[in-house]
Amino acid sequence: MNEKVNKALKYLKVSLLSLIPIVNFFYLTNKFYFSGGKCHSKARLDGKTVIITGSNTGIGKEAALDLASRGARVIITGRDIQKAYRAAEQIRNETGNQNIVVEHLDLASFDSIRKFCSKINSREERIDILINSAGITLCPQWKTKEGFEMQFGVNYLGPFLLTNLLLDKIKKSAPSRIINVASIGYILGKINWEDLNMEDSYSPLGAYCQSKLGVVLFTRELARRLKGTNVSVFCLHPGACPTEVGRYMAHTYGWKTYLFIGLGYPIGLWVCKNAKEGAQTIIHCAVEQDIIDLSGSYFKDCKPAKLLPHGLNDEDAKRLWDLSESLTHLK
Ligand SMILES: *[C@@H]1O[C@H](CO)[C@@H](O)[C@H](O)[C@H]1NC(C)=O
Ligand SMILES: *[C@@H]1O[C@H](CO)[C@@H](O)[C@H](O)[C@H]1NC(C)=O
């Protein structure tokens, strides 16, 4: 009897010990591979002004925290103003930087964007860094105030209008930067020229990928137009971050969301970045000195990355720009 117990204990010990390398494998690949790069720049931003949209939560908030700790005046925006005030208070507390400003901004409304920009343009002396970080992911077939498909409106068209309305001040503050948070999802993206709002063929993922391809093409055309101005433009894939981008999935997919989360959670734990890791490429593009000549580039894990040909198509970039100018009544 005793011998059987001893034998069982020994088996248990061996099997537990053999788990160690497996657990280590998952832990180490998560920490050193999937967590992506880290921004190592120690650059200070004293006297500089930074605007970050969607900075009341997730990777936008982490980027705001980091840039505030470098001494910048940081303007954080959100649709939910109370949440933005709380984020600002937390940033002041953690960094000791009191120069944090909160503004309401709803990228699903041209009115809200115009109001925000005219306030900023009349009040702020300079804009050194604009970070278009706000986004919406995989929502149902919703519409913006002006009737555009929600993901196209919030992820692409809104930031297009916002950036253009602030551009004079950004140019006057040169050397300055514009950073657009795109996504590796652009790979599956296709601009539906005949039906930008995807009225006839809405799919949450298709609309998301179209909007992110829009951001990639926008970055390219904007960089071309800003050549010689000392304004650098970058776009980036922050990494897979389960922060709050999945907020609307339950609206979109119903009960299947929970099945997806249940099955995906362990894999997610392994391959996903936390918000702080997800913010690193944004911070890198905002402060790293060595990259200012790479305007127009796409970054991933704090390094320039290659785009597929449809993300480098100058003709499409120009066509989308012209179309967007008329859709937003810029011209
Ligand atoms: C900030 O600090 C104050 C004073 O220590 C504290 O009362 C408040 O709860 C803190 N706020 C946040 C959001 O951390
Ligand atoms: C851009 O920066 C360079 C180097 O600082 C400067 O010599 C040049 O005048 C600037 N150009 C513009 C258009 O501001």
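This passage walks through the overall form of the chain, its surface, its ligand site, some notable backbone features and its salt bridges.

The structure described here is a predicted model. Its protein chain is built from 11 helices and eight strands. With a radius of gyration of 22 Å, close to the 20 Å that the globule rule gives for 331 residues, the chain is as compact as a globular protein of that length. The C-alpha trace spans about 90 × 50 × 40 Å along its principal axes. Of the 331 residues in the chain, 50% are buried.

A good place to start on the outside is helix H1, which covers residues 2-34 and includes Leu19. Leu19 counts as partly exposed because its relative accessibility is 41%. This leucine belongs to a nonpolar surface patch, whose other members are Val5, Leu9, Leu12, Leu16, Ile22, Val23, Phe25 and Phe26. Together, the residues of the patch offer about 820 Å² of accessible area.

Turning to the ligand, the residues that surround ligand 1 are Glu89, Gln90 and Asn93. Two of its polar atoms can be followed to particular side chains. A nitrogen atom of ligand 1 is found 2.6 Å from an N or O atom in the side chain of Glu89, while an oxygen atom of the ligand lies 2.3 Å from an N or O atom in the side chain of Asn93. Taken alone, ligand 1 exposes 360 Å², and the protein buries 34% of that area.

The stretch from helix H5 to strand E6 offers several details worth a closer look. Thr163 sits in H5, which runs over residues 150-172, and is buried, given a relative accessible area of 1%. The side chain of this threonine takes part in a polar contact with the side chain of Asn132, at 3.1 Å. The Thr163 side chain also reaches the backbone oxygen of Pro159, at 2.6 Å.

Beyond H5, the peptide bond from Ala174 to Pro175 is cis, and its omega is near 5 degrees. Pro175 is placed in the loop between H5 and strand E5 (176-181). Ala174 also provides a reference point for Phe218: the two are 44 residues apart along the chain, and their C-alpha atoms are separated by 20 Å. Phe218 itself is found in helix H6, residues 204-225, and counts as buried because its relative accessible area is 3%.

Two residues other than glycine stand out for a positive phi. Met198, in the loop between E5 and H6, has a phi near 50 degrees. Asn230, in the loop between H6 and strand E6 (231-237), has a phi of about 65 degrees. Their surroundings can be set side by side: Met198 is buried, with a relative accessible area of 5%, whereas Asn230 counts as exposed at 56% relative accessibility.

Charged pairs complete the picture. Side chains of opposite charge can pair when their charged atoms come close. The structure holds 13 salt bridges. In one of them, the side chains of Arg126 and Asp128 meet with an N to O distance of 2.7 Å. Arg126 is partly exposed, at 31% relative accessibility, while Asp128 is buried, with a relative accessible area of 2%.

Another salt bridge links Arg224 with Glu221, whose closest N and O atoms are 2.9 Å apart. These two residues are separated by about one helical turn because they are three residues apart in helix H6. Arg224 counts as partly exposed, at 42% relative accessibility, whereas Glu221 is buried, at 2%.

Helix H11 (residues 314-327) contains both Asp322 and Lys318, four residues apart, or about one turn of the helix. They form a salt bridge, with 2.8 Å between the closest N and O atoms. Both partners fall in the partly exposed class: Asp322 has a relative accessibility of 32%, and Lys318 has a relative accessible area of 36%. Elsewhere, salt bridges with shared partners join Arg73, Glu103, Lys119, Arg123 and Glu124 into one network.

How values were computed
Residues are numbered from 1 along each chain as its sequence is written. Chains are lettered from A and ligands numbered from 1 in the order in which they are written. This is a predicted model: local features need pLDDT of at least 70, side-chain atom pairs count only at pLDDT 80 or more; totals for chains, interfaces and linings use all residues. Side-chain values use heavy atoms; hydrogens and water are left out. A residue is near a molecule or strand if one of its heavy atoms lies within 4 Å of it. A polar contact is a pair of N or O atoms within 3.5 Å; within protein, one must be able to donate a hydrogen and the other to accept it, and residues adjacent in sequence count only if both atoms are side-chain atoms. Accessible areas come from the Shrake-Rupley method with a 1.4 Å probe; for residues, only the protein chains shown count as cover. Patches are made of residues with over 30% relative accessible area and no salt bridge: like charges are joined within 9 Å, nonpolar side chains (Val, Leu, Ile, Met, Phe, Trp, Tyr) within 5 Å. A salt bridge is a side-chain nitrogen of Lys or Arg within 4 Å of a carboxyl oxygen of Asp or Glu. Buried means under 20% relative accessible area, exposed over 50%, partly exposed in between (1.4 Å probe, protein chains only). The radius of gyration is taken over C-alpha atoms; the globule rule is 2.2 Å times the number of residues to the power 0.38.
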